[in-house]
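Trainee: Hi, I'm new to this one and could use a walk through it. Can we pull it up and talk it over?

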Amino acid sequence: MLRVADVMTTKLTTLHPADSLKTAREIMYKARIRHLPVLSSGGGFVGLLTQRDLLRSTISHFADVGPEEREHIEAGIPVSEAMASEVLTIPPDMLLADAGELMLAHKFGCLPVLEHGQLRGILTESDFVKICLVFMAQSGQKQDSEAAQQ
């Protein structure tokens, strides 16, 4: 039986509550990620900033505000103002199927993985796609689909 720890992402980029939305936007863009765990100065998990949270906190492009002014405004807004602090978390030893059911039921794009209050990883939709590709390759389905495309 696969556990969350078997497939979760452990190489994480994180934020601090005082980091700006501008910083968060730049990190998400450069790293091509949509979820950023937020850690206290002591390293404890305090929240999650998602791409959706960032978009909700952004000045609309319909507003009469230029890109430089928008960046200036976002530089003054801390992540703590936009992040979710009430976040469902899971342990690394949870069955992967149970975590997947949680994600589907709540329409979550990710679940932070905590052990003894410390962030150990994050389980994302992409992690499920990766494991599906592994299973498909093992079952021969990947070769079948590649042959069909040629």
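Trainee: Let me jump straight in: how many residues line the second largest pocket, and which lie nearest its centre?
Mentor: The lining of that pocket has 15 residues, with T9, R32, I33, R34 and T124 nearest the centre. Keep in mind as we go that this is a predicted model.

Trainee: Which elements give two or more residues to the lining of that second largest pocket?
Mentor: Those would be β1 (35-39), β4 and α6. Of the contributors, α6 gives the most, with three residues.

Trainee: And how do the residues of that lining divide by class?
Mentor: You get five nonpolar, five polar and five charged residues in the lining of the second largest pocket. The space in the second largest pocket is about 310 Å³.

Trainee: OK, then how much space lies in the largest pocket?
Mentor: About 440 Å³. The largest pocket has 19 lining residues, and T50, R52, K107, F108 and G109 are the ones nearest its centre.

Trainee: Which element supplies the largest share of the lining there?
Mentor: That's α3, with four residues. At least two residues each come from β2 (45-50), α3 (51-56) and β3. By class, the largest pocket's lining has eight nonpolar, four polar and seven charged residues.

Trainee: Let me step back a bit. How many helices and strands does the protein have?
Mentor: Seven helices and four strands. Going along the sequence, the order is α-α-β-β-α-α-α-β-β-α-α.

Trainee: What percentage of the residues in the protein is buried?
Mentor: Of the 150 residues, 29% are buried. The protein's accessible surface is about 9,600 Å², and carbon and sulfur atoms account for 53% of that.

Trainee: What about contacts between residues far along the chain, say 24 or more positions apart: what share do they have?
Mentor: Counting contacts with a separation of 6 or more, 58% are between residues 24 or more positions apart. For a long-range pair to look at, try V7 and T124: they are 117 residues apart along the chain, yet their C-alpha atoms are separated by 9.3 Å.

Trainee: Where does V7 sit?
Mentor: V7 is in helix α1. Its relative accessible area is 13%, so V7 counts as buried. Beyond its neighbours within four places in sequence, V7 has contacts with L96, L123, D127 and I131.

Trainee: L96 rings a bell from α5. Which residues of α5 are buried?
Mentor: In α5 (residues 96-106), they are L96, A99, G100 and M103. Looking down the axis of α5, the buried residues fall within an arc of 100°, so they line one face of the helix.

Trainee: And which exposed residues does the face turned away from that buried side carry?
Mentor: On α5, that face carries A97, E101 and A105.

Trainee: What do the buried residues of α5 pack against?
Mentor: They pack against α1 (4-7), β3 (110-115), β4 (118-124) and α6 (125-139).

Trainee: What comes right after α5?
Mentor: K107 follows α5, with a positive phi near 55°. K107 is a residue other than glycine, and it lies in the loop between α5 and β3.

Trainee: Is K107 buried or exposed?
Mentor: Exposed: the relative accessible area of K107 is 73%, and the cut-off for exposed is over 50%. You met K107 earlier too, among the residues nearest the centre of the largest pocket.

Trainee: Which other residue has a positive phi although it is not a glycine?
Mentor: Have a look at H116, where phi is about 55°. H116 is in the loop between β3 and β4. H116 is exposed as well, with a relative accessible area of 77%.

Trainee: Last one, on H35: which strand is H35 found in?
Mentor: H35 is in β1. With a relative accessible area of 14%, H35 is buried, since the limit for that is under 20%.

Trainee: And what does H35 touch?
Mentor: Leaving out residues up to four places away in sequence, H35 touches L48, L49, T50, G109, C110, I122 and T124. Two of those, T50 and G109, are also among the residues nearest the centre of the largest pocket, while T124 is one of those nearest the centre of the second largest pocket.

Definitions and conventions: Residues are numbered from 1 along each chain as its sequence is written. This is a predicted model: local features need pLDDT of at least 70, side-chain atom pairs count only at pLDDT 80 or more; totals for chains, interfaces and linings use all residues. Side-chain values use heavy atoms; hydrogens and water are left out. Buried means under 20% relative accessible area, exposed over 50%, partly exposed in between (1.4 Å probe, protein chains only). Contact means heavy atoms within 4.5 Å. Accessible areas come from the Shrake-Rupley method with a 1.4 Å probe; for residues, only the protein chains shown count as cover. The arc is that of the directions from the helix axis to the C-beta atoms. On a 1 Å grid over the protein atoms alone, a cavity is a set of points where a 1.4 Å probe fits but cannot get out, and a pocket is an open set with protein on both sides within 12 Å along at least five of seven lines; lining residues have an atom within 4 Å of a point. Grid points are joined across faces, edges and corners, and a volume is the space filled by probe spheres set on the points. Ala, Val, Leu, Ile, Met, Phe, Trp, Tyr, Cys and Pro count as nonpolar, Asp, Glu, Lys and Arg as charged, and the others, Gly among them, as polar.
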